[in-house]
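Please look through the sequence and the model below before reading on, since the paragraphs that follow move from the surface to the interior and then to a single loop residue.

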Amino acid sequence: MMKKTLLTLFVLLLALTSGAQMANPVHFTSELKMLTGDEAEIVFSATIDPGWHLYSTDLADDGPTAATFHAEKMDGAETVGSLKPRGNVKEQFDEMFGTNLRFFEGQGAFVQKIRFTKPKYDISCYLEYGACNDEMCMPPTTVEFSKKGDSPVKPAETQEAPPAAPEEPAAEPEPDPATETPEEAPADTTAVANIIDVPTGAVGEESPLWAPIVDELNAYDSAGSNEMNLSWWMIFLEGLLAGFLAVLTPCVWPIIPMTVSFFLKRNKDRKKAIREAITYGLSIVVIYVLLGLVVTLLFGASALNALSTNALFNIFFALLLIVFAASFFGAFELTLPSSWSNKIDQKSEKTTGLLSIFLMAFTLVLVSFSCTGPIVGFLLVAVSTQGDIIAPTIGMLGFAIALAIPFTLFAMFPSLLKSAPKSGGWMNTVKVVLGFIELAFALKFLSVADLAYGWHLLDRETFLTLWIVLFALLGIYLLGWLKFPHDDDSRKTNVPKFFLGWISLAFAVYMVPGLWGAPLKAISAFSPPMNTQDFNLYSGAVEAKYTDYDLGMAAARAAGKPVMVDFTGFGCVNCRKMEAAVWTDTEVRDLLNDKYMLISLYVDDKTPLPAPIEVTDVDGTQRKLRTVGDKWSYLERTKIGANTQPFYVLLDPATGKPLNGLRSYDEDVAQYIEFLQKGLKNYSAK
């Protein structure tokens, strides 16, 4: 029954792991609302998905995309004032942009007031807006509005009104575009066609370089499923290791012989005793797997992914790990109320069968919390930041199996208890070592928050200094030169502790050159990026060779290099984070500068196109591309099936076909290097 339950849980979790790349977080409706007299309002009302910000009007030029109103045709009407936000506008200082940002959450609206000037009106306009969440930003997006009809202005008013004369100058520009269009429009369209190297008509319609590659990218992602399975195995092994460490703590190890003896004494039939011990172990597995499942259901896939870079999340768990470490050092005991374990224990004595065994296992979980709690907490924190919906459950499965193995094994082979190490001071040493490790990872979580807020409290040299001291102290402790409250006064250094202390001190010495800029590849995934260090040996930077897709592809063909297209934005915070945390790595820098032709396409580039281009978007709607940023945003949607930034795709410049799957916001330098190297390998094989 328990096996079926576990299988069902994993099937349900696996069914939840798929997700689309296209985002549509803001849902607009628009209407023309008549006011008194000859005035009206064009109202754009928005419903915003949780976690997203819809930015307000009048933001700094170097910030995210502000909401703006654009009138293409205002026949019989004119605008009054500028676009106004309406609703609960929030304001918050943003460290990255160095300015206050105003935005809507949940719901919001923008209103443009107009005045009618003729009995009939014909209006065609659009709202341009930007939206971001903690991980990505939408490209500048438009909401079209058009309407024609009768206005409150009467025909007599237009004839008698003296202001009719001033209307003519306002109408004077109309003949100019009309006269220019026949001569200039074809030239402009041809210019755009020459830029993108496609026939006049639709952007990239007949160019293989603009052809969609969504299916090919999905094929690479499917081929990469083994990597995902490998990461799940790594999480399982991490949980298994954490479970074995928990077994060695003073809260668990002494309970093993007592529990096994209990099962053997209460059952004369040894086979039944073994069955009950196995059931006891399975109950432990079920309890911890359910704990991992609760974490999964509370957060969900997207939230777990977002938590990996959320500053408050990292601060909270860094402080939690520090508290756990202090507990392991002996400052205090983290215990649950004794009444909880007493009640569960009493229930187990009154019941029989499987329920009594399950309650006994639950009692063990509660009693051993002071030792297992910090380990479980750290494990859940570590796997939650993987951004994987089933990672916490897999981690807890590994932890629980390791914790349950000794109870089952010693019940099956009681004679092994005689040769098992006795409880003693060595178990406290295990706790203290775990405390040092928890402190090291607490600094990692604090570093993530420090980078997010720009405090510069944990720059690279500060972080390395703290780690050097921390691992030096760990080595000193293992060699017996440092003691904590629960250590025996007569504690001596044995051979295993000597070698572990030696390794810890050597690791501390290894990190010392990093204070002067040495790359320290072994800990590059943990330490802050090189550009946070005041004095270092780092030189050079990654700069895009081109910001035009077709020109960059042509240059790559001439140079015989593969292409990395970087879909980015001037106001994309996470794009800057990737460039600061990943592109500053020496190996990544060399690959991008020397081996690839880097093309950065800014989807919020406001440079106007020579003429608007009518396109049919991926959702079947008709859109106008008015700016360079519109064009690159359209390319991103149609070619790779995504509409958020950052996104990185490796392409063959001759065919426009992918050389690997997609990569988005992820500060794992090692995986980014693997992503680039695989693209080079596939390009060489063509």
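Which element gives the largest share of the nonpolar patch? In this predicted model, the answer is helix 14, which contributes 3 residues to the patch. The nonpolar surface patch as a whole covers about 600 Å² and is made by F244, I278, L282, I405, L409, M412, F413 and L416, and the elements that give two or more residues to it are helix 8 and helix 14. One of the patch residues, I405, lies in helix 14 and counts as partly exposed because its relative accessibility is 35%, a value that falls between the limits of 20% for buried and 50% for exposed.

Turning to the interior, the largest nonpolar core has 40 residues, and those with the most contacts inside it are Y280, I284, Y288, I375, F399, L403 and F407. Two or more residues of this core come from each of helix 6 (225-247), helix 7 (255-266), helix 8 (270-299), helix 12 (353-367), helix 13 (369-384), helix 14 (391-412) and helix 16 (425-453), with helix 14 giving the largest share, 10 residues. A second core, separate from this one, has 29 residues, among them M553, L609, I613 and W632.

A last stop is S56, which is placed in the loop between strand 3 (53-55) and strand 4 (68-75). Is this loop residue, S56, buried or exposed? S56 counts as buried, because its relative accessibility is 1%. Leaving aside residues up to four places away in sequence, S56 touches A66, A67, P85, V89, R102, F103 and F110.

Terms used:
Residues are numbered from 1 along each chain as its sequence is written. This is a predicted model: local features need pLDDT of at least 70, side-chain atom pairs count only at pLDDT 80 or more; totals for chains, interfaces and linings use all residues. Side-chain values use heavy atoms; hydrogens and water are left out. Helices (H or I, at least four residues) and strands (E, at least two) are DSSP runs, numbered from the N terminus. Buried means under 20% relative accessible area, exposed over 50%, partly exposed in between (1.4 Å probe, protein chains only). Contact means heavy atoms within 4.5 Å. A nonpolar core is a set of buried Ala, Val, Leu, Ile, Met, Phe, Trp, Tyr and Cys residues joined through side-chain atoms within 4.5 Å. Patches are made of residues with over 30% relative accessible area and no salt bridge: like charges are joined within 9 Å, nonpolar side chains (Val, Leu, Ile, Met, Phe, Trp, Tyr) within 5 Å. Accessible areas come from the Shrake-Rupley method with a 1.4 Å probe; for residues, only the protein chains shown count as cover. A salt bridge is a side-chain nitrogen of Lys or Arg within 4 Å of a carboxyl oxygen of Asp or Glu.
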